Amino acid sequence: MLQITNLSKTYPNGVKALQDVSLTISNGMFGLLGPNGAGKSTLMRTIATLQDADSGTIMFGDINVSKQKQELRKVLGYLPQEFGVYPRVSAEEMLHYIARLKGVANDKERKELVQALLEQVNLYNHRKKSLSGYSGGMKQRFGIAQALIGSPKLIIVDEPTAGLDPAERLRFNNLLSEIGENIVIILSTHIVEDVSELCRDMAIIAGGKVVQRGNPEDLVNALENRIWSKRVKKDEVAQYQANYKMVLAKLSAGSMKVFIDSETDPGNDFKRERATLEDVYFSNIF
Ligand code: ADP
């Protein structure tokens, strides 16, 4: 279990990236959802021992993360937001290299591990290809393979599907869902669908604060029967924003549709909508 308690971080330029963040995260896939600039990467890098918070603690089981960095690194698999490119090095060579760094010294054992990982992430047929020639989706799947070396107990994936096309995203999410329930996996993302597809537990972070927390299904159920929509003209959006508790306004089939939160029928030609995790997200970040 990962226990984050009263974590705060202010950058030298005065930006309060984390403000008193507390979260308890159990085994399974946890979604950390928030807009760009919310503080997700700051939190992920702090958990991954790559930077320190100003105050607060992170415990992973018995490990105090800021005080026992080496201990944490031994059980951590980390897929950063931007995975470095290694020109002219093949995926197979790179995995061998990383496995050796992580202490898999026995040649036969390492060979079997690398082969199993390449098969698991469906890159075996591309194992000789240089990483620089990989597509975005292949790079991210390679990122998972390297993160899995050393049987980690905590895996952090930071914005993994940003920039992937829909097919690559699906393949990557399927891969994530197969990693298993017996370790803590934190998926940090601004893509609501990733969380609704994969996570049983989640938090929404905005402006460095946890603004919502729970099981995605429960959070959606709490909004059921409260979401209403209406097609409007673009220049009417501001007026609806002023008069209703607006959740979001979005383009739909070429025209503007506003979604509002109302416990009772707002009349005025609004139609009832099924609540979605997108509604939960937008009603919390505005
Ligand atoms: P997210 O991953 O949710 O997009 P970040 O943790 O990257 O959020 O950033 C949170 C806030 O902290 C943003 O306002 C960002 O501009 C700022 N920030 C991030 N890293 C630094 C840094 N090294 N120096 C100053 N400000 C930073």
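**Exercise 1. Find the polar partner of aspartate 194 and describe its surroundings**.

Solution. Start with the side chain, bearing in mind that this is a predicted model. The side chain of aspartate 194 makes a polar contact with the side chain of asparagine 173, at 3.0 Å. Next, place the residue: aspartate 194 belongs to helix α7, which covers residues 192-198. Then check its exposure. The relative accessible area of aspartate 194 is 0%, and the cut-off for buried is under 20%, so aspartate 194 is buried. Last, list the contacts, leaving aside neighbours within four places in sequence. Aspartate 194 is in contact with Thr161, Arg169, Asn173, Leu187 and Thr189. Asn173, the partner in the polar contact, is thus one of the residues in that list.

**Exercise 2. Decide whether serine 90 is buried or exposed, and say what it touches**.

Solution. First locate the residue: serine 90 sits in the loop that runs between β6 (76-79) and α3. Its relative accessibility is 6%, and therefore serine 90 counts as buried. Now turn to the contacts, again without neighbours within four places in sequence. Serine 90 meets Arg127, Lys128, Lys129, Ser130 and Leu131.

**Exercise 3. Name the buried residues of helix α3 and what covers them**.

Solution. Helix α3 spans residues 91-101. Going along the helix, the buried residues are Ala91, Glu92, Met94, Leu95, His96, Ile98 and Ala99. Their cover includes two other helices, α4 (107-120) and α5 (136-148). To finish, look just past the end of α3: glycine 103 has a positive phi there, of about 100 degrees.

**Exercise 4. Work out how helices α5 and α6 are arranged**.

Solution. Helix α6 is formed by residues 166-177. Begin with the geometry: α5 and α6 pack at an angle of about 10 degrees, and their axes are 9 Å apart. Angles under 35 degrees count as roughly parallel, so α5 is roughly parallel to α6. Then name the residues that make the contact. From α5 come Gly136, Gly137, Gln140, Arg141 and Ile144. From α6 come Glu168, Arg171, Phe172, Leu175 and Leu176. Sorted by type, the residues of this contact are 4 nonpolar, 3 polar and 3 charged.

**Exercise 5. Do the same for helices α8 and α10**.

Solution. Helix α8 takes in residues 216-223 and helix α10 residues 277-285. The packing angle is about 80 degrees, with the axes 8 Å apart. An angle from 65 to 115 degrees counts as roughly perpendicular, so α8 is roughly perpendicular to α10. On the α8 side, the residues in contact are Pro216, Leu219, Val220 and Leu223. On the α10 side, they are Leu277, Asp279, Val280 and Ser283. By type, the residues of this contact divide into 6 nonpolar, 1 polar and 1 charged. Now consider the burial of α10: 7 of its 9 residues are buried, and the helix is mostly covered. These residues are Leu277, Asp279, Val280, Tyr281, Phe282, Asn284 and Ile285. Leu277, Asp279 and Val280 are among the buried residues and also take part in the contact with α8.

**Exercise 6. Describe the position of threonine 49**.

Solution. Threonine 49 is in the loop from α1 (40-47) to β4 (55-60). Its relative accessibility is 6%, so threonine 49 is counted as buried. Next, set distance in sequence beside distance in space. Threonine 49 and glutamine 70 are 21 residues apart in sequence, and their C-alpha atoms are 8.7 Å apart. Not counting residues up to four places away in sequence, threonine 49 touches Val65, Lys69, Leu72 and Arg73.

**Exercise 7. Identify the residues that come nearest to the ligand, and give distances to its oxygen atoms**.

Solution. There are 13 residues around the ligand, and those that come nearest are Gly37, Gly39, Lys40, Ser41 and Thr42. Take three of them in sequence order. For glycine 37, a backbone N or O atom lies 2.7 Å from a ligand oxygen atom. For lysine 40, a polar backbone atom is 2.9 Å from an oxygen atom of the ligand. For threonine 42, the atom is an N or O atom in the side chain, 2.5 Å from an oxygen atom of the ligand.

**Exercise 8. Summarise the protein chain as a whole**.

Solution. Count the elements: the chain has 10 helices and 14 strands. For the dimensions, the C-alpha trace spans about 70 × 45 × 35 Å along its principal axes. As to burial, 49% of the 286 residues count as buried. Finally, take the contacts between residues at least 6 apart in sequence: 67% of them join residues at least 24 apart.

Note on methods. Residues numbered from 1 in each chain as written. Heavy atoms only, no water. Axes fitted to C-alpha atoms, helices over the stretch in contact; angles between N-to-C directions. Helix = DSSP H or I, 4+ residues; strand = E, 2+ residues; numbered from the N terminus. Parallel < 35°, antiparallel > 145°, perpendicular 65-115°, else oblique. Contact = heavy atoms within 4.5 Å. Nonpolar A, V, L, I, M, F, W, Y, C, P; charged D, E, K, R; others polar. Buried < 20%, exposed > 50% of the residue type's maximum accessible area, 1.4 Å probe, protein only. Near = heavy atom within 4 Å. Polar contact = N/O pair within 3.5 Å; in protein donor to acceptor, adjacent residues only side chain to side chain.
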